[in-house]
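Q: I am new to this structure and would like a close look at a single part of it. Please take me through that part step by step, in connected prose.

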Amino acid sequence: MPIKKEKQKQHASRNVSEDDHMNSPEAVRTGLTVDEIKRAFRDNLCCGLGRIERYATKHDLYVALALTVRDRLFQRAVESMQTYGGADARRVAYLSAEYLPGPHLANNLLNLGITEVTREALRELGYDLDEIVAQEEEPGLGNGGLGRLASCYMDALASVEVPAIGYGIRYEFGIFDQIIRDGWQCEITDKWLRNGNPWEIARPEIKYPIKFGGRTETFTDKQGDSRVRWIPETEVKGVAYDTPIAGYRVGTCDILRLWKAEAVESFDFAAFNHGDYYRAVQDKLVSENITKVLYPNDEVDVGKELRLKQQFFFVSCSLQDMLRIHALLGGKPATFHEKWAVQLNDTHPAIAVAELMRLLVDEHGLGWDEAWLVTRATFAYTNHTLLPEALEKWTVELFGSLLPRHLEIVYEINRRFLDEVREEFPADDARLARLSLIDETGPRYVRMAHLACVGSHTINGVAQLHSELLKQTVLRDFAELWPKKFCNVTNGVTPRRWVAVSNPGLTQLITSSIGDGWLRDLGQLRKLEPLADDANFQQQWRDVKLANKRRLATIIKDRTDIAVAPESLFDALVKRIHEYKRQHLAALHIITLYLRLRRHPQADVPARTFFFGGKAAPGYFLAKRIIKLINAVGEIVNTDPIVRDRLKVVFFPDFNVKNAHFVYPAANLSEQISTAGKEASGTGNMKFALNGALTIGTLDGANVEIREEVGAENFFLFGLNAKEVEELKARGYRPRDYYEQNKVLREVIDFIASGALGRGDVELFRPIVDNLLDHDPFLLLADYQAYIDAQDRVSALWRDPREWTRKSILNTARMGKFSSDRSIRDYCDRVWNIKPGQ
């Protein structure tokens, strides 16, 4: 049954007065009243940090408050462990190489239901809650949508009361911090742990050996059975660090367990005594490199090796941990799948299939067939990409040198699997080659997506279109072999963080109009629909949006020294920088408007501010050049006296969860302009629409479903659909034809090529121009005119504030489908066979 929050401990032996209760140790650690939080805050400042209050820094105040909240979270976590520790409960283990939880404090206060109580407690002590919340540095444990989705799902798992552990890596240095110098992205180290992390608890007693390299040997066990022993070359240990993840206004609190790599022996005393000081700590340094940084540069071989080490490291730690917990609760290895549903978040943790087989067969003595039954019943695989190059694979040489036993297991899985394929499709050698876990078309590779497909009972895409395209393209052969394995679970986002925390003004307006049940049941937003034409409600809606725009404008001025007009149309494109996401198509639109205004200064072009944000992979040449292009366009536009009061271009540096709190609530227009058939789902599109932004986009990813929900008339559609994209490519796409036939497009491209954006340097943007004219792999030129026409429709609607506001309200009102709570319930029903709240 769901946990019922214990409001006050009952003492049967004696009556306890309220004053006694408030002063009891339990109340200080877990109480939720103003006085109890004040007392706990001061106790943590004094006893937890050893600080004199009058000399405490803002960071000290933040840590004291974080520890105060953490106590209340772990109380719920312990109660959750007790409640769900019974033999009947099935748990979810979410394996993800990335998490982007964002700042914890405000979200935890909200989920505990004590934001205003805490605000009052601090006010009485002379402190401002918002100032303290602003001190928090977020963990940079992910690169973008994948990690943020994982964190939304952890929030939702707890909120719908599913017992779960999220497993990942405690990177010492996360995704790089981005600064912009002379228009270029520069990467600096993300030292998110430099001041410690008050939300986590180290678990040095929860540690596991992780092996690498070496060789295997066959031996005969005591029962006379032939077994395999892995004799590693090196060994490290993985140590657990736990962060509590509270559900919204429920007792359930799940755990995010991250692994840190350490040396088995961190100090070689003998080497130190012989004067070899480096060798004395060498094992520590080498071992800790595994969890040193998120996504090492895998352009070089050592980077590839480290990335594979990272993936195996956290997967092995996690599976050993699950088996330990399973045994602790009285389970046997043969029943592991009955108590654990393990979700592989993309291909990064796919090595788990081979590792669980190794643990069951080599360590726990199960036979191959029984172990394979357990393994396939345990795992489910979420695919997040339609780009073949993004489906991870490792050279057989690298894989075998690091994980020799796992290569043997992969070969055996593959042998048995291909025998199954031969029975289903006799004499089809081409199909065998395509399905094989080993790619032998050139240098031999282990295909990790194939391993995940073979070793999982369910494979899901993350949007309706994506799931269908998966079955038609990159996983077509698997869909033909096992059609019932495939299903769809459309992504979702948590309204708690993405509205309640980041947009308090809108939260208050909605709640005052329809109650607060929508934060638990997002479908209740439909109650806003009758208010969409209400003039008074429309004005309040516009007032909230304008306040958010002013807040963002202040931040932009502070960080970039660019002044923007809050009354202008805020047009936002914030996401990872990649060619298929087509940030450079938006740049072409800005140049089009700029040249239009230069020719006709009196042209009816509404004032518009273009916001860009996102990081390019450090080794991605063209993506970094696109960032430079955007900033170069801004340099011209923002300083030209003819247009600077009509157009502004801003690149918001270091876009992350904390900065997203300011951007999503302020946007009027959401740019979701990827090439149709390339984006798996997207979640930024959901966050923008939930905050009342209208969308301009292609029929790609979850855009399709958003348009269906909000209504085609409330969505600015443009461009080729996925089928038309493939047909155009099949006919032979010639981007230069579009350039030659479209006078305005030709003028825009020529303007870029002229050097006008490069202070006379005609070579600066030649790589972009040449790419568009000679290759254009993501069809910008084919979609250009449709995009410009759609943007003109945006401008026309913006001139009608009442109609724009009506559509904005309807966008928010119809976003109920896109809650991460709904996504998790779909996983429970379609994938995990778990009933939430039980």
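A: In this predicted model, a good place to begin is the hairpin formed by strands S8 and S9, which has 6 residues between the two strands. Within the turn, Arg 249 has a positive phi of about 55 degrees. Strand S8 covers residues 234-246, while strand S9 covers residues 253-263, and the two run antiparallel, joined by 11 bridges. One of the pairs across this hairpin consists of Lys 237 and its bridge partner in S9, Glu 262.

On its other pairing, S8 is joined to S5 by 9 bridges, and these two strands also run antiparallel. Here Lys 211 stands opposite Glu 235 in S8. Of the 13 residues of S8, 10 are buried, so the strand is largely enclosed by the rest of the structure.

The hairpin belongs to an open sheet of 9 strands with mixed pairing, in the order S5-S8-S9-S2-S1-S10-S11-S15-S16. Strand S5 (201-212) and strand S16 (486-488) stand at the edges with a single partner strand each, so one side of each has no neighbour in the sheet. From one strand to the next, the twist averages 25 degrees. At the S16 edge, strand S15 (residues 458-461) pairs with S16 in the parallel sense over 3 bridges, and Ile 459 has Phe 486 in S16 as its bridge partner. Further along the sheet, helix H14 (residues 368-378) lies across strand S10 (340-345) and strand S11 (379-382), running at about 40 degrees to S11.

Returning to the hairpin, Phe 313 connects this region with the packing of the model, since leaving aside neighbours within four places in sequence, Phe 313 is in contact with residues including Val 236, Lys 237, Gly 238, Trp 259, Lys 260 and Ala 261. Its contacts also include Ile 210 and Phe 212, as well as Ile 290 and Thr 291. Phe 313 is among the residues with the most contacts inside the largest nonpolar core, which has 185 residues, and is listed there together with Phe 399, Ile 824 and Trp 832. Helix H11 (residues 301-328) gives the most to this core, with 11 residues. Apart from this core lies another one, of 57 residues, among them Val 501, Ile 514, Trp 518 and Ala 660. As a general background to such cores, nonpolar side chains tend to be buried together in soluble globular proteins.

How values were computed. Residues numbered from 1 in each chain as written. Predicted model: local features only at pLDDT ≥ 70, side-chain atom pairs only at ≥ 80, totals over all residues. Heavy atoms only, no water. Core = buried A, V, L, I, M, F, W, Y, C linked by side-chain atoms within 4.5 Å. Buried < 20%, exposed > 50% of the residue type's maximum accessible area, 1.4 Å probe, protein only. Helix = DSSP H or I, 4+ residues; strand = E, 2+ residues; numbered from the N terminus. Contact = heavy atoms within 4.5 Å. Pairing = 2+ DSSP bridges. Axes fitted to C-alpha atoms, helices over the stretch in contact; angles between N-to-C directions.
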